[in-house]
Amino acid sequence: SWLLSVMPEIEDCKNLKQDNPWHVYNCLDHILHSVEEINKQTVEHDDDTRRVLAYTMFLHDVGKPQCYIRRYSKLYKREVDSFFNHNKASVKIADRVLDDFGFNEQEKEVIKLLVEEHDIFMFITLENNGNPNHRVLSPSLLEEKVGKYNRVGDGKTLMKHLIWVGRSDNRAQNPEMTAGS
């Protein structure tokens, strides 16, 4: 099909089980559920915004197969699948394919930013927990992020979009792990 010729990674996503307590779907099914979730959340918004957000969700995890590792998790006391830096791999794929999907330069930059930042809320905590990858939620952190996003578009609007993206991603995962998201 045309889509597989543009994005052969789709087949790899279909075959990636995601053996991890946070997931109940293979990678492709998770992606498709996340698109469905963003569409539910944005029904009142304009078509251009909805299209950008739907494609963000379609692309947010396509880099996972490239980043797959099997590792022992102390937290879960078993081996799990992990996908460190999959957001960066997904951005590279998005950069390659967005022209094929007919996006203008501004839309492409927004989608790539949202794909890169889609897991932002996994790394923001309410207090210092000792993890060097986590940052404490603060006015200065929000100001820093909005400032970064301002380079691509309206930073406050993009932060709102990231909230929808994060919620859609969570709702397409294991409901036992994401209850209340």
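Start by selecting helix 4 in this predicted model: at 1.5 Å a residue, its 13 residues should span 18 Å, and because the end C-alpha atoms lie 18 Å apart, the expected and the modelled span agree. The selection to type is residues 47-59.

Before moving along the helix, look at its start, where a side-chain oxygen of Asp46 comes to within 3.2 Å of the backbone nitrogen of Asp48.

Next, select Thr49, which belongs to helix 4. Is Thr49 buried or exposed? Its relative accessible area is 16%, and since buried means under 20%, Thr49 counts as buried. With Thr49 still selected, add His161 and draw a C-alpha to C-alpha distance: the two residues are 112 apart in sequence, yet 9.2 Å separates them in space.

Now widen the selection to the other buried residues of the helix, so that Thr49 is shown together with Val52, Leu53, Ala54, Thr56, Met57, Phe58 and Leu59, which are buried in helix 4 as well. Which helices do the buried residues of helix 4 pack against? Colour them one by one: helix 1 (2-6), helix 2 (9-15), helix 3 (27-41), helix 6 (86-97), helix 7 (105-116) and helix 9 (155-171).

Of these partners, keep helix 7 on screen with helix 4 and turn the view until both axes can be followed; the axes come within 9 Å and cross at roughly 45 degrees. That angle makes helix 4 oblique to helix 7, and the crossing in which helix 4 passes helix 7 is right-handed. To see the side of each helix that takes part, show Arg51, Val52, Leu53, Tyr55, Thr56 and Leu59 from helix 4, which meet Glu107, Val110, Ile111, Leu114 and Val115 from helix 7. Val52, Leu53, Thr56 and Leu59 will already be displayed from the earlier step, where they were listed among the buried residues of helix 4.

The last stops are in loops, and the backbone is the thing to inspect there. Most residues other than glycine have a negative phi. Select Lys77, in the loop between strand 1 (69-73) and strand 2 (78-82): Lys77 is not a glycine, but its phi is positive, at about 55 degrees. Lys77 also counts as exposed, because its relative accessibility is 63% and the cut-off for exposed is over 50%.

Then follow the chain past strand 2 to Asn85, which sits in the loop between strand 2 and helix 6. Asn85, likewise a residue other than glycine, has a positive phi, near 65 degrees.

Conventions
Residues are numbered from 1 along each chain as its sequence is written. This is a predicted model: local features need pLDDT of at least 70, side-chain atom pairs count only at pLDDT 80 or more; totals for chains, interfaces and linings use all residues. Side-chain values use heavy atoms; hydrogens and water are left out. Helices (H or I, at least four residues) and strands (E, at least two) are DSSP runs, numbered from the N terminus. Buried means under 20% relative accessible area, exposed over 50%, partly exposed in between (1.4 Å probe, protein chains only). The expected span of a helix is 1.5 Å times one less than its number of residues. Contact means heavy atoms within 4.5 Å. A polar contact is a pair of N or O atoms within 3.5 Å; within protein, one must be able to donate a hydrogen and the other to accept it, and residues adjacent in sequence count only if both atoms are side-chain atoms. Axes are lines fitted to C-alpha atoms, for helices over the stretch in contact, and angles run from 0 to 180 degrees between N-to-C directions. Angles under 35 degrees count as roughly parallel, over 145 as roughly antiparallel, 65 to 115 as roughly perpendicular and the rest as oblique. A crossing is left-handed if the near helix is turned anticlockwise from the far one by less than a right angle, and right-handed if clockwise.
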